[in-house]
Amino acid sequence: MTTPNLDLLDNLAIELPSWAFGNSGTRFKVFGTPGTPRTVHEKIADAAKVNELTGLAPTVALHIPWDRVDDYGALRTYAQDLGVRLGTINSNTFQDDDYKFGSLTHTDKTVRQKAIDHHIECIEVMNATGSRDLKIWLADGTNYPGQGDIRGRQDRLAESLATIYQHIGDEQRLVLEYKFFEPATYVTDVPDWGTSYVHVTALGERAMVCLDTGHHAPGTNIEFIVAQLLRLGRLGSFDFNSRFYADDDLIVGAADPFQLFRILFEVIRGGGIDLGSPVALMLDQCHNVEEKIPGQIRSVLNVEEMTARALLVDTDSLAAAQETGDVLGANGILMDAFYTDVRPLLARRRAERGLPTDPMAAYAASGHAARIAEQRVGGTQSSWGA
Ligand code: PSV
Ligand code: MN
Ligand code: MN
């Protein structure tokens, strides 16, 4: 049996989305939580708290315009002082009346230019924050057959992306996220990994695909997509979350830990957590009814736990079983790793690194939630969308 190399866990870095700390909900109700951040500074402070307790979340992603400030250099320093860095900059072309019929795909050149300019603004933000990745998720699409010219929309999208890409710096990347439906219900202009792949390869080396685990039809084999994109060298980032039905944005690993294990097994297989890997692991979640800071702590721990289990797979024995056609043997090797309880081992690792052995319990005992609830009165609590 090969000795599992759990040292790779040292490379694990999970980016937190600023919007996970804001209030969010369904179209029925957004429930407020005491202590919810009122500013981007408070969102970053919450992300830093998650990192302090887990040692797993050194960067925080921002969303423009939700996290717009006057001085991004100062925000960068603020984050650094709290022990975290500013990460991916997410653009937003889905909350403006002008984009009712599309943004980068719109038939009207002035609307397309407005959307392009927004992305150029995001790149300027990246220059100031030191961020590497511009993440583009488009809500563009149509609801009815005939509403738009499918081919023409693709052509305009390609042209708009090419214009944006010209502004991407040598050390920066454009990451294109796909989603099979919602808000559009008939055609989504970047519905699947193939479409994203087609566009990013046309752009150049520094354009990659973002895989959001909640953006596929039920039953899709996501680990296959992971393996393929890694094989092609175009898996730029993950947006991790879990789902029961649609794009539920639930805590990663909550709905289906076995799927997360299978995904992470392919990530490891493809070198995705090797030092210098191009794969950024990010969360894209909302905490509608649960507390947000512990929700994020639980999320990063779930990713760590399933990564550890995936690292336990005896890959030599697995390869041997695969080559000899030992179907049940091969399956058993994978399942043995999946069923291994790595929690005591991870608790020991944390203790060795001066971290709380149980970050969830440490947060609960710290009184931090009550403190921020008391401090953060007045102002407007932030939410997904503001
Ligand atoms: C909408 O589905 C979405 O969740 C996308 O996944 C983006 O990554 C995120 O919002 C923020 O723009
Ligand atoms: Mn996403
Ligand atoms: Mn989503």
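**Exercise 1. Which residue just after H7 takes a positive phi?**

Solution. This is a predicted model. Step one: locate helix H7, residues 257-269. Step two: look just past H7, where Gly271 has a positive phi of about 80°.

**Exercise 2. Compare the span of H7 with its expected span, then list its buried residues and what covers them.**

Solution. Step one: take the 13 residues of H7 at 1.5 Å a residue, which should give 18 Å. The expected span counts one less than the number of residues. Step two: check the end C-alpha atoms of H7, which are 18 Å apart, so the two values agree. Step three: pick out the buried residues of H7, namely Leu260, Phe261, Arg262, Ile263, Leu264, Phe265, Glu266 and Val267. Step four: find the cover over these residues, which includes helix H6 (222-231), helix H8 (292-311) and helix H10 (327-338).

**Exercise 3. Place strand S1 between its partners and follow the chain onward.**

Solution. Step one: sort the residues of S1 (residues 14-17) by direction. Ile14 and Leu16 point one way, Glu15 and Pro17 the other way, and all are buried. In a regular strand, side chains alternate between the two faces of the sheet. Step two: find the partners. Two bridges join S1 to strand S10 (residues 280-283), and the pair is parallel. Two bridges also join S1 to strand S2 (residues 59-63), again in parallel. Step three: fix the register. Glu15 has Met282 of S10 as its bridge partner, and Leu16 stands opposite Val60 in S2. Step four: trace the link. From S1 the chain passes through helix H1 (residues 40-54) to S2, in a right-handed β-α-β crossover.

**Exercise 4. Is H1 mostly covered or mostly uncovered, and what lies over its buried residues?**

Solution. Step one: check the length. H1 has 15 residues and reaches 21 Å from first C-alpha to last, close to the 21 Å expected. Step two: count burial. In H1, 12 of the 15 residues are buried, so the helix is mostly covered. Among the buried ones are Val40, Ile44, Ala47, Val50 and Leu53, but also Glu42, Lys43, Asp46 and Lys49. Step three: name the cover. It includes S1, S2, helix H2 (72-81), H8, H12 and helix H13 (368-375). Step four: look just after H1, where Gly55 takes a positive phi of about 65°.

**Exercise 5. Why does Arg353 count as exposed, and how far is it from Gly55?**

Solution. Step one: locate Arg353 in the loop between helix H11 (343-352) and helix H12 (359-366). Step two: count neighbours. Arg353 has 9 C-beta neighbours inside 10 Å, so it counts as exposed. The cut-off for exposed is 12 or fewer. Step three: compare the separations. Arg353 and Gly55 are 298 residues apart in sequence, yet 8.7 Å apart in space, C-alpha to C-alpha.

**Exercise 6. Connect strand S4 to the shell of ligand 1.**

Solution. Step one: assess S4 (residues 133-137). Five of its five residues are buried, so S4 is largely enclosed by the rest of the structure. Asp133, Lys135 and Trp137 lie on one side, Leu134 and Ile136 on the other. Step two: find the neighbours. Strand S3 (residues 85-90) pairs with S4 in parallel through two bridges, and strand S6 (residues 173-177) does so through five. S3, helix H3 (residues 109-129) and S4 form a right-handed β-α-β unit. Step three: read the register. Asn90 stands opposite Lys135 in S4, while Trp137 stands opposite Glu177 in S6. Step four: compare with the shell. Asn90, Trp137 and Glu177 are among the residues around ligand 1, along with Lys179, Asp212, Asp239, Asp247 and Asp284. Step five: classify the shell, which holds one nonpolar, one polar and six charged residues.

Notes:
Residues numbered from 1 in each chain as written. Chains lettered and ligands numbered in written order. Predicted model: local features only at pLDDT ≥ 70, side-chain atom pairs only at ≥ 80, totals over all residues. Near = placed C-beta within 6 Å. Nonpolar A, V, L, I, M, F, W, Y, C, P; charged D, E, K, R; others polar. Helix = DSSP H or I, 4+ residues; strand = E, 2+ residues; numbered from the N terminus. Buried ≥ 20, exposed ≤ 12 C-beta atoms within 10 Å, placed from the backbone. Contact = placed C-beta atoms within 7 Å. Pairing = 2+ DSSP bridges. Right-handed = clockwise from strand over helix to strand, strands pointing away.
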